[in-house]
Amino acid sequence: MTPTVPCDPGELRSLFLFEALSDEQLAVLCSQGQIQNYQPGPLCVEGEPATCFYVLIEGELTMSKLSGGQDIETNRTSQRGVYCGAWRAFTGGKQKSYDASVHVTRPSRFFVMDAPVFAQFMKDQFPMAVHLLDGIAVGTDRTRRIIDNREKLLALGRLSAGLTHQLNNPAAAIARAADELRGRIANMRGKLAMLADGTVSPETLNALVRLQEAVAEQVAKSAAQNVTAIETADREDAVGDWLDDHGIDGGWDIAPTLVEGGIDTDWLERIAATAEELESSASLELAVRWISYTIESELLMNQISEASRRISALVADAKQYSQMDRAPFQVADVHELLRSTLVMFADRLTKDGKQPGAISVVKEFDPSLPQIPCFPGDLNQVWTNIIDNALAAMRPKGGTLTVRTCREGENMARVEICDTGPGIPDEVREHIFEPFFTTKPVGEGTGLGLDLAWNIVVKKHRGDLRVESAPGDTRFIVLLPLEKPPTEDLSDPDLDAESAE
């Protein structure tokens with residue numbers, strides 16, 4: 001940049017932007033602005049504080065926007081009067097940073113005004129127009145925020161219904177197990193009565209307690225073993241035959257319980273050997289029944305413990321998804337964010353995908369991908385909107401949802417969310433990120449789900465969001481920088497769509 005030169009009102013009037021201004025207005029512009037010459041190089045950089053308003057008098061410039069960590073040229077022009085920089089400084093949102101990067105490609109001259117001075121000039125000279133533009137800006141912002149919040153609440157409502165269903169299953173399992181356990185405890189009280197009235201001697205009780213402790217350990221070991229259905233059936237037959245041969249009434253009824261607790265014929269021989277040391281003729285059946293009750297109680301407590309862990313895991317996933325008790329901006333594991341979001345959709349996904357209309361999920365995560373600086377709650381909203389659309393695209397025929405991560409170059413993380421639906425037609429694909437565009441029936445979609453996702457990824461995280469689609473293979477590709485975005489982005493929650501002339 002070279003020193004400023006005097007401003008000529010007549011030259012300003014020759015520019016289409018100023019041609020309708022009065023002599024007095026042009027004089028004010030010349031007194032408050034200046035003409036500056038620039039050599040090839042950057043004029044303003046996207047994301048940096050918007051300090052100046054520029055109007056091209058002669059020369060050439062290019063405009064570019066960040067996409068996927070790269071500057072993508074969006075315009076190249078030598079038209080006199082084009083403007084850039086802090087051109088929105090007077091609107092309701094008060095432009096804080098440059099919307100785009102501008103480079104001068106050859107020696108050029110610009111009319112330049114400081115942003116606050118330009119804003120005040122517009123308010124003084126065109127108060128009604130400024131008020132109208134302020135109203136548009138504020139109204140658009142309010143409308144977007146209201147509908148964005150509604151979009152989030154709708155998604156949360158759909159997911160909470162699924163989460164409630166998932167929580168209901170382990171909660172019901174706990175209730176059933178607790179009721180059955182109450183019955184077992186009542187039976188154990190009966191056995192204590194037998195001890196009190198002398199039916200069972202202290203020596204017999206000590207022997208049974210030692211067996212109980214050994215069996216409890218065996219139940220714990222059995223829970224960790226993977227036994228096939230055929231092996232289980234064979235063991236039940238062997239145990240049933242042994243009990244029948246030893247005169248245990250109803251032996252075939254308790255055989256499945258004994259086998260589930262890890263008791264086989266070797267264990268039964270051990271119990272029989274202990275029973276021989278006892279003085280009662282009914283000692284063997286007493287010991288077997290006592291052990292059966294012990295196993296049933298242990299298995300019921302295992303069910304309660306497992307169901308409780310499942311509930312805790314679901315609550316933890318819901319907390320991870322909602323990002324409760326966490327800072328808005330932090331370094332996070334993108335895989336944990338994806339997993340917690342998938343948990344929210346678990347009632348709409350299946351493990352094997354073999355049932356008619358079923359949708360299976362495949363996770364292909366790159367374990368070498370580092371944690372990323374991000375707004376985790378916002379990214380979960382992105383995953384939610386894209387996955388929800390993918391599942392809708394595969395209904396009612398079903399298909400496969402694939403979630404894949406990898407590294408893109410040196411500085412970007414890549415997340416792909418793929419579905420096997422019919423694909424997105426070309427005429428629809430070019431509009432899907434536009435606000436209020438939807439292909440859903442009236443009342444079923446706001447048309448802001450993907451627009452919100454685009455703003456979060458591209459504007460708030462300085463990443464990129466794109467789609468590739470063919471019948472049977474639609475991919476939404478999210479690119480996120482591995483480095484922290486500009487500081488001003490972290491304190492500015494405004495996700496309004498911006499444009500540059």
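Start with helix 10 and helix 11, which are oblique to each other (angles under 35 degrees count as roughly parallel, over 145 as roughly antiparallel, 65 to 115 as roughly perpendicular, and the rest as oblique). The model is predicted, so local features need pLDDT of at least 70 and side-chain atom pairs count only at pLDDT 80 or more, while totals for chains, interfaces and linings use all residues. Residues are numbered from 1 along each chain as its sequence is written, and side-chain values use heavy atoms, with hydrogens and water left out.

**Stop 1: helices 10, 11 and 13**

Select residues 334-344 for helix 10. Helices (H or I, at least four residues) and strands (E, at least two) are DSSP runs, numbered from the N terminus. Add residues 376-394 for helix 11. The axes of helix 10 and helix 11 come within 10 Å and cross at roughly 50 degrees. Axes here are lines fitted to C-alpha atoms, for helices over the stretch in contact, and angles run from 0 to 180 degrees between N-to-C directions. The crossing of helix 10 and helix 11 is right-handed (left-handed if the near helix is turned anticlockwise from the far one by less than a right angle, right-handed if clockwise).

Keep helix 11 on screen and add helix 13, residues 449-460. Their axes cross at roughly 140 degrees and come within 9 Å. That makes helix 11 oblique to helix 13. The crossing of this pair is left-handed.

**Stop 2: the loop after helix 11**

Select Arg395 and Pro396. The peptide bond from Arg395 to Pro396 is cis, and its omega is near 0 degrees. Pro396 sits in the loop between helix 11 and strand 10 (399-408).

**Stop 3: from helix 13 into strand 12**

Select Arg462, in the loop between helix 13 and strand 12. What is the sign of its phi? Arg462 has a positive phi of about 55 degrees, although it is not a glycine. Arg462 is buried, at 14% relative accessible area (buried means under 20%, exposed over 50%, partly exposed in between, with a 1.4 Å probe and protein chains only).

Go on to strand 12, residues 464-470, and pick Leu465 there. Leu465 is buried, with a relative accessible area of 4%. Now add Asn455. The C-alpha atoms of Leu465 and Asn455 are 9.2 Å apart, and the two residues are 10 residues apart along the chain.

**Stop 4: the cysteines**

Select Cys7 and Cys30. These two form a disulfide, with sulfur atoms 2.3 Å apart (the rule is a pair of cysteine sulfur atoms within 2.5 Å). Cys7 lies in the segment before helix 1 (9-13) and Cys30 in helix 2 (residues 23-32), so the link ties together parts that are 23 residues apart in sequence. The angle about the S-S bond is -55 degrees, and the link of Cys7 and Cys30 is left-handed. How many disulfides does the rule give? The count comes to 1.

Buried or exposed? Cys7 counts as buried at 18% relative accessibility. Cys30 is buried too, at 15%. Next, colour Cys406 and Cys418. Cys406 is partly exposed, with a relative accessible area of 25%. Cys418 counts as buried, at 5% relative accessibility.

**Stop 5: helix 2 against helix 3**

Stay on helix 2 and add helix 3, residues 115-125. Helix 2 and helix 3 pack with their axes 11 Å apart, at an angle of about 165 degrees. That makes helix 2 roughly antiparallel to helix 3. Their crossing is right-handed.

Show side chains on helix 3. Which residues are buried there? They are Ala115, Phe118, Ala119, Phe121 and Met122. They cover an arc of only 160 degrees around the axis, which puts them on the same side of helix 3 (the arc is that of the directions from the helix axis to the C-beta atoms). Turn to the other side of helix 3: Pro116 and Asp124 are exposed there.

**Stop 6: helix 6**

Finish on residues 229-245, helix 6. Helix 6 has 17 residues and reaches 24 Å from its first C-alpha to its last, close to the expected 24 Å (1.5 Å times one less than its number of residues). Its buried residues are Val239, Gly240, Trp242 and Leu243. They cover an arc of only 160 degrees around the axis, which puts them on the same side of helix 6. The face turned away from that buried side carries the exposed residues Ile230 and Asp245. Last, click on Gly247. This residue follows helix 6 and has a positive phi, near 70 degrees.
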